[in-house]
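I sat down with this one today and kept short notes as I went. Here is the structure I had open.

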Amino acid sequence: MSIDLHTVLASHAYIVASPDESLRNEAAALLARSFLCERGEREPCGVCTGCRLALAGTHPDLVTVERKTDDKGKAKSALSVEQVRQMVLDAWARPQIAARKVYVLRDAQFMNLPAQNAALKILEEPPAHDVFILCTESAETLLPTIRSRCVTLRIGGEKRVLRDELAAEYLLLAAKRERLGLCLLMGKCDDWDAERLGSFLESLRAALADALCGRSAVSGLTGEKAVSLLALCDRAEEYRRLNVGTKHIMGMLCALK
Ligand SMILES: [Zn+2]
């Protein structure tokens, strides 16, 4: 893996979005271990105490919040506001053995409005020792105010769109900060409408999420660059939805810092 996960770990809140439940839970678990691994290397080592406890599900600083089950063992329809409030209270206590405490909220799409608002409170002013990972079917199930405080990793599931070749090309150029190459590439696409641009952005985000989770490697793409590109894609998508002209948005995609 060529991505330095620990550069990515600058954020205190993540949304791991995928229509595939096991895929998103798996990605969240990997991300959680990256924070709990004691070796602090590129990816969780799998052998230190932190990794082993996390893998065994007994790490005292790894808290999974999920829907409660009823008498028949069936998951309840909502992740309740009480559960989220309890997490918020717990989040103020310091970690026991690791440097960070990691909270994984499974099926965050089942948080109703009061539960989301309770979560928002801690995401707005999180204690420095906390990390929150919200797993959801789709990021759009969460309040925009929550999304704006998280780094979103979209992981492909069954509905995955085929990798867009242009997106792959863009990523390679962006990783090397080749602005001229990017302008030439975007220039080739000046007949795109908003829909085509939307699918390009979706592919780009999926590729970036894959890279961040170590599912693929892009030459020259550090974690820091990947996170800033993800933020750029999010902004471009927001503009696209606001009907800003596609040429303007493509210009924005060339203007990397
Ligand atoms: Zn480790």
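My entries follow, starting with the overall layout and moving on to single residues.

**Entry 1: layout.** I note at the outset that this is a predicted model. I looked up the domains first, and the assignment gives domain 1 as 1-160 and domain 2 as 162-257. I then checked how far apart they sit: the centres of domain 1 and domain 2, taken over C-alpha atoms, are separated by 26 Å.

**Entry 2: the zinc ion.** Which residues coordinate the zinc ion? I found Cys37, Cys45, Cys48 and Cys51, each through its SG atom, at 2.3 Å. I wanted the geometry too: the angles subtended by the 4 donor atoms run from 106 to 116°, and because four donors count as tetrahedral if all angles lie between 85 and 135 degrees, the arrangement around the zinc ion is tetrahedral. Along the sequence, I wrote the spacing of the donors down as C-x7-C-x2-C-x2-C. Cysteine 37 and cysteine 48 both lie in the loop between α2 (21-36) and α3 (49-56), so this pair ties together parts that are 11 residues apart in sequence. I also looked at their exposure, and both cysteine 37 and cysteine 48 are buried.

**Entry 3: helix α3.** Next I went through α3 and found Gly50, Cys51 and Ala54 buried. Why do they belong to the same side of α3? They cover an arc of only 95° around the axis, which puts them on the same side of the helix. I turned to the other side of α3, where Arg52 and Ala56 are exposed. For the packing, I have the buried residues of α3 set against α2 and β2 (62-65). One last item here: glycine 57, just after α3, takes a positive phi of about 75°.

**Entry 4: aromatic rings.** How many aromatic pairs does the structure hold? I have 4. One of them is formed by tyrosine 170 and phenylalanine 200, an edge-to-face pair with 5.8 Å centre to centre and 90° between the planes. This pair links distant parts of the chain, with tyrosine 170 in helix α7 (residues 165-175) and phenylalanine 200 in helix α9 (residues 194-212), 30 residues apart. Are the two rings' residues buried or exposed? Tyrosine 170 counts as buried at 1% relative accessibility, and phenylalanine 200 is buried with a relative accessible area of 0%. I also noted that Tyr170, Trp192 and Phe200 form one aromatic cluster.

**Entry 5: helix α7.** I stayed with α7 and listed its buried residues, which are Ala167, Tyr170, Leu171, Leu173, Ala174 and Ala175. What do they pack against? I found α8 (179-187), α9, α10 and α11 (246-254). Just after α7, I came across arginine 177 with a positive phi of about 55°.

**Entry 6: cysteine 233.** I closed with a cysteine in helix α10 (residues 223-241), namely cysteine 233. Cysteine 233 counts as buried because its relative accessibility is 2%, and buried means under 20%. Leaving out residues up to four places away in sequence, I see cysteine 233 touch Leu201, Leu204, Arg205 and Leu208. I looked at leucine 204 separately: cysteine 233 and leucine 204 are 29 residues apart in sequence, and their C-alpha atoms are 7.7 Å apart in space.

Conventions
Residues numbered from 1 in each chain as written. Predicted model: local features only at pLDDT ≥ 70, side-chain atom pairs only at ≥ 80, totals over all residues. Heavy atoms only, no water. Domains from an automatic or database assignment. Donors = N, O, S within 2.8 Å, 3.2 Å for Na, K, Ca; no water. Tetrahedral: all angles 85-135°; square planar, octahedral: opposite > 155°, others 65-115°. Helix = DSSP H or I, 4+ residues; strand = E, 2+ residues; numbered from the N terminus. Buried < 20%, exposed > 50% of the residue type's maximum accessible area, 1.4 Å probe, protein only. Arc of directions from axis to C-beta. Contact = heavy atoms within 4.5 Å. Phe/Tyr/Trp six-rings, centres within 6.5 Å; stacked < 30°, edge-to-face > 60°.
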